[in-house]
Amino acid sequence: MSIEEGKQYLLDTYAQVPVVFASGEGMYLIAEDGSRYLDFVGGIAVNALGYQDPGLQRAIETVVRRGLLHCSNLYYNSEAIAAAKGLTALAGMERVFFCNSGAEANEAALKLARKFGNLKSPKRSHIISMVDSFHGRTYGAITATGQSKYHANFDPLPTGFSYACFNDLDSVKALVTDKTCAIIVEPIQGEGGIIPADPAFLKGLRDLCDELGMLLIYDEVQTGMGRCGKPFAYQVYGVKPDVLTAAKALAGGIPAGAMMTIGKANTVFQPGDHASTFGGNALACAGINEMVSRLGDESFNEHVRDMGAYLHQKLEALVAKYPTLCAATRGLGLIQGIVLTITPRTVVDACFAKGLLVLSAGSNVLRFVPPLVVGRAEIDAALSIVDEVLEELQ
Ligand SMILES: Cc1ncc(COP(=O)(O)O)c(C=O)c1O
């Protein structure tokens, strides 16, 4: 299929790079013309196991052969029960609602938070999120997203949201009223520019929520499922939420989302409150079960920590080598970035021309979110391309 046909028939919602991918193999995506691209985008932190992972393929094939891809949430299916049990154990949570995407998981969290608040006192529905956050593109999630560029021209947005400064506890406290029911925050702001939370900030939010009876929601759509060197980034911080959302890598590349709860958040939703036709379907849950089993193996998490440290060290070397183009490195595990002094798109495009896929985050960060199975040789290969590109641009 041609790019021209893509341009004609797909709506213009993405600024797409001119390539048509046809297959994947390990750490590489392969275009229709056979050219191979080393993939440090991983479907934007989705394809944690790379391409053609035998375990994931087996898990999917088993469900396909059994013939039950979907059976409606009017009934239980065994893959979903196993996924619920395994995922909540992995995440240190207790119950889960399955859906299909990150936005949908956050939408569920926002609805749960408002029901939680309204049950405590009428109209206790105010939600605080952070400036430069990103929570997805549905109306609730986009309103929670603290970036006005995503709001422009989509008025009227739902009311009852306000935006505090990330890592500034006083700015959160200043927004809290007796109508506030929840705070939603990413432990590391991904789309906003790979900005990690200060541990004291998350601890402060936890204490504030406990003191005032509010829910603390972590959006781990990008940082979860092993990306930060533990199954969830909050486990690195050691500060637990009441509600935890996941998607992206949740099912290793099959669309899936999850909103997990613990304690007082467990019983807010009752039958009829919320639903998703495809949520928890057997195919996606087979993918979740495979990811849960892989992340349950400590050596997998150790590999992410090792490769993350290696990638970080190599990025630091590039920052030192090109001080006029690079200002700093940021990140944790295998979500890493370089803060650039030039527009990231220039570097992204030049890397693409040399067979490397990378992407931007925020206005000035070059982002690296490779499949978690990445090895040293691939990190070396990727960063030698970035090195070449920076050399040419300086
Ligand atoms: C932190 C975070 N939350 C939510 C989303 C939205 O996820 P989805 O595109 O699956 O709706 C994203 C996507 O980038 C994200 O990074």
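Here follow questions and answers on the two domains, their interface, the ligand site and two backbone features.

Biologist: What kind of model is this, and how are residues numbered?

Modeller: It is a predicted model: local features need pLDDT of at least 70, side-chain atom pairs count only at pLDDT 80 or more, and totals for chains, interfaces and linings use all residues. Side-chain values use heavy atoms, with hydrogens and water left out, and residues are numbered from 1 along each chain as its sequence is written.

Biologist: How is the protein chain divided, and how many Å separate the domain centres?

Modeller: Domain bounds come from an automatic or database domain assignment. Domain 1 covers 3-53 + 298-393, and domain 2 covers 55-295. Taken over C-alpha atoms, their centres are separated by 26 Å.

Biologist: How many residues does each domain give to the contact?

Modeller: Contact means heavy atoms within 4.5 Å. By that rule, domain 1 gives 27 residues and domain 2 gives 28 residues.

Biologist: Which three residues supply the most of the area that domain 1 buries against domain 2?

Modeller: Buried area is the accessible area (1.4 Å probe) that two parts lose on being put together, summed over both. Between the domains it is about 2,400 Å², with 58% from carbon and sulfur atoms. On the domain 1 side, 25% comes from three residues: Asp53, Leu332 and Ile335.

Biologist: Which residues meet in a salt bridge at 2.7 Å?

Modeller: A salt bridge needs a side-chain nitrogen of Lys or Arg within 4 Å of a carboxyl oxygen of Asp or Glu. The rule finds 2 across the domain interface. At 2.7 Å, N to O, the side chains that meet are those of Asp53 and Arg294.

Biologist: Which element gives the largest share of the side of domain 1 that touches domain 2?

Modeller: Helices (H or I, at least four residues) and strands (E, at least two) are DSSP runs, numbered from the N terminus. Elements giving two or more residues to this side include α2 (42-45), β13 (326-332) and α11 (298-321). The largest share, 4 residues, comes from α11.

Biologist: Which side chain has an N or O atom 2.8 Å from an oxygen atom of the ligand?

Modeller: A residue is near the ligand if one of its heavy atoms lies within 4 Å of it. Of the 13 residues around the ligand, Gly102, Ala103, Asp219, Gln222 and Lys248 come nearest. A polar backbone atom of Gly102 is 2.8 Å from a ligand oxygen, and the Lys248 side chain places an N or O atom at 3.3 Å from one. The side chain at 2.8 Å is that of Gln222.

Biologist: Where is the Pro156 that a cis peptide bond joins to Asp155?

Modeller: The bond has an omega of about -5°. Pro156 lies in the loop between α6 (139-144) and β6 (161-164).

Biologist: Which residue of helix α2 has a positive phi although it is not a glycine?

Modeller: The phi is about 60°. The residue, found in helix α2, is Ile44.

Terms used: A polar contact is a pair of N or O atoms within 3.5 Å; within protein, one must be able to donate a hydrogen and the other to accept it, and residues adjacent in sequence count only if both atoms are side-chain atoms.
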